[in-house]
Amino acid sequence: MSAVTGMGVVAPNGDRTEDYWQAVLDGRSGLGPISHFDAGGYPVSRGGESSFVAKGRVPGRLVAETDRFTHMALAAAEMALADARVDPAELPEYEMAVTTASSSGGTDFGQREIEKLWRNGPRHVGAYQSIAWFYAASTGQIAIRHKMRGPCGVICAEQAGGLDAVAHSCRLLRDGVRLALAGGTDASLCPYGLVAQLSNRRLSPSGEFLPFDARADGYLPGEGGAMLAIEPTDTKKPKYGFIAGHAATFDPPPWSGRSPALRRAIEAALADAGAEPGDIDVIFADAAGLPELDRQEAEAVNAVFGPLAVPVTAPKTMTGRLYAGGAALDLATALLALRDQVIPPTIGITSPVEGLGLDLVRDTPRQAPLRAALVLARGYGGFNSAIVVRA
């Protein structure tokens with residue numbers, strides 16, 4: 001196991017950890033009309049925008065040189081280190097690691113530079129275009145800023161990547177790393193970014209995000225994510241809990257006739273944690289918001305735990321799906337739930353699908369003794385990831 005000693009959150013309903021957590025417990029949504037640009041002519045014009053402003057929270061030079069998704073990662077990393085009361089300058093630089101996840105990279109920065117290219121010519125494209133768009137930019141900038149020169153990397157597995165990045169960092173701790181920063185952020189609420197997201201045909205045309213509801217027709221996109229400070233259990237007690245087990249699987253091709261692999265990910269994560277199904281007190285669902293994918297997830301949960309056996313929640317109904325940032329945010333939310341012994345709610349579900357067999361925590365938080373939580377994530381293209389966290 002690895003100890004989670006600090007966290008930083010940037011989300012549509014709170015750009016600092018405790019502000020976000022209070023908003024979740026209050027059922028306050030960060031979803032609304034997209035305002036970063038005029039989205040009126042797009043099939044989807046609602047999403048989860050964060051009030052995060054980089055100025056004052058990210059060095060001015062880096063604000064100009066990097067994309068918004070990296071601004072958020074830098075700010076979340078600063079929060080995680082401060083929360084863990086860790087000064088990287090006091091640790092050997094080659095014994096600190098950074099692993100982030102990103103689904104889209106710096107789409108906003110890239111779009112602005114491409115506009116300059118077509119409008120004014122190649123001499124007007126900034127030199128930082130070559131690195132700001134890159135999905136590994138956040139890992140590089142965090143590592144440089146804090147002189148964390150141990151093993152660093154980036155995971156690209158869409159929504160599942162946020163969990164996989166944390167799991168990878170835990171493996172690094174077993175190999176001698178003393179401090180790891182891990183998580184994910186995405187920020188693609190710009191014209192180019194929204195068009196790219198529309199291509200998967202999973203965004204909600206009705207402008208609502210209602211997983212496990214009879215009205216579900218897709219999800220809404222959001223921006224933000226979370227970063228965690230993770231340390232070996234023999235050096236520091238956790239502030240939030242332990243990363244106890246993880247597994248990742250990949251779905252077979254849709255035309256193969258074989259079953260999705262989420263169930264195998266759940267079973268393997270439990271085995272990695274040395275846990276039985278009865279040890280899990282709450283499940284944080286992937287909650288795709290599409291009827292068929294919601295049904296598949298419910299079937300996987302019921303196959304392992306039994307119908308109505310474990311409370312299930314999807315706080316992302318208040319933020320939208322943040323891609324790589326979404327799973328990292330769900331993991332942070334699960335750890336906050338363990339800390340405060342309360343299950344956050346799923347909001348807006350007024351017509352739950354009958355027969356799914358889920359004990360969905362709706363509208364208001366549910367007090368409960370929480371020893372362990374299971375966090376699920378699925379990424380477009382067949383990625384599945386599951387993490388078990390213990391109090």
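This is a guided walk through the structure above, moving from its sheet to the helices around it and ending in two loops. Please keep in mind that the model is predicted.

Let us start with the sheet. Its 11 strands form an open sheet, arranged in the order β5-β4-β6-β7-β1-β8-β15-β14-β9-β10-β12, and the pairing among them is mixed. At the edges stand β5 and β12 (359–360); each has a single partner strand, so one side of each is left without a neighbour in the sheet.

A good place to look more carefully is strand β4, which covers residues 96–101. In the order of the sheet, β4 sits between β5 and β6. With strand β6 (residues 179–186), β4 pairs in the parallel sense over 6 bridges. To find this pairing on screen, pick Val 98, whose bridge partner in β6 is Leu 181. On the β5 side, 4 bridges join β4 to residues 152–155, and these two strands also run parallel. Here a handy landmark is Thr 100, with Val 154 of β5 as its bridge partner.

Is β4 covered or open to the outside? It is mostly covered, with 6 of its 6 residues buried. In a regular strand the side chains alternate between the two faces of the sheet. Following that pattern in β4, you meet Met 96, Val 98 and Thr 100 on one side, and Ala 97, Thr 99 and Ala 101 on the other; all are buried, and both faces of the strand are covered.

Next door, the edge strand β5 contains Ile 155. With a relative accessible area of 22%, Ile 155 is partly exposed, because the cut-off for buried is under 20%. Setting aside its neighbours within four places in sequence, Ile 155 is in contact with Thr 99, Thr 100, Ala 101 and Ser 102, and also with Gly 161, Asp 164 and Ala 165. For a sense of scale, the C-alpha atoms of Ile 155 and Thr 333 are separated by 21 Å, and the two residues are 178 residues apart along the chain.

At the other edge of the sheet, strand β10 (residues 311–313) is joined to β12 by 2 bridges, and the two run parallel. Pro 311 has Asp 359 of β12 as its bridge partner.

Now for the helices. Helix α10 (residues 291–305) lies across β9 (282–284) and β14 (372–379), and runs at about 145° to β14.

Another helix to visit is α6, residues 137–146. It is mostly covered, as 7 of its 10 residues are buried. The buried set consists of Ala 137, Ser 138, Thr 139, Gln 141, Ile 142, Ala 143 and His 146. Ala 143 has a relative accessibility of 11% and so counts as buried. Beyond its neighbours within four places in sequence, Ala 143 is in contact with Val 98, Met 148 and Cys 152. Just after the helix comes Lys 147, with a positive phi near 55°.

Which helix packs against α6 at about 45°? That is helix α3 (residues 68–84), and the two axes are 9 Å apart. The two helices are therefore oblique to each other, and their crossing is right-handed. From α3, the residues Phe 69, Thr 70, Ala 73, Leu 74, Ala 77, Glu 78 and Leu 81 meet Ala 137, Ser 138, Gln 141, Ile 142, Arg 145 and His 146 of α6. Sorted by class, this contact has 7 nonpolar, 4 polar and 2 charged residues.

A second helix pair is α7 (residues 161–174) and α11 (residues 324–340), whose axes come within 6 Å and cross at roughly 60°. Gly 162, Leu 163 and Val 166 of α7 make this contact with Ala 324, Ala 327, Ala 328 and Leu 331 of α11. The residues here divide into 6 nonpolar, 1 polar and no charged.

We finish in two loops. Most residues other than glycine have a negative phi, and most peptide bonds are trans. Tyr 323 is not a glycine, yet it has a positive phi of about 55°. This residue lies in the loop between β10 and α11, and at 7% relative accessibility Tyr 323 counts as buried. Asp 363 also has a positive phi, near 75°. Asp 363 is found in the loop between β12 and β13 (366–367), where it is partly exposed, with a relative accessible area of 44%.

Terms used
Residues are numbered from 1 along each chain as its sequence is written. This is a predicted model: local features need pLDDT of at least 70, side-chain atom pairs count only at pLDDT 80 or more; totals for chains, interfaces and linings use all residues. Side-chain values use heavy atoms; hydrogens and water are left out. Axes are lines fitted to C-alpha atoms, for helices over the stretch in contact, and angles run from 0 to 180 degrees between N-to-C directions. Angles under 35 degrees count as roughly parallel, over 145 as roughly antiparallel, 65 to 115 as roughly perpendicular and the rest as oblique. A crossing is left-handed if the near helix is turned anticlockwise from the far one by less than a right angle, and right-handed if clockwise. Contact means heavy atoms within 4.5 Å. Ala, Val, Leu, Ile, Met, Phe, Trp, Tyr, Cys and Pro count as nonpolar, Asp, Glu, Lys and Arg as charged, and the others, Gly among them, as polar. Buried means under 20% relative accessible area, exposed over 50%, partly exposed in between (1.4 Å probe, protein chains only). Two strands pair if DSSP finds at least two bridges between them.
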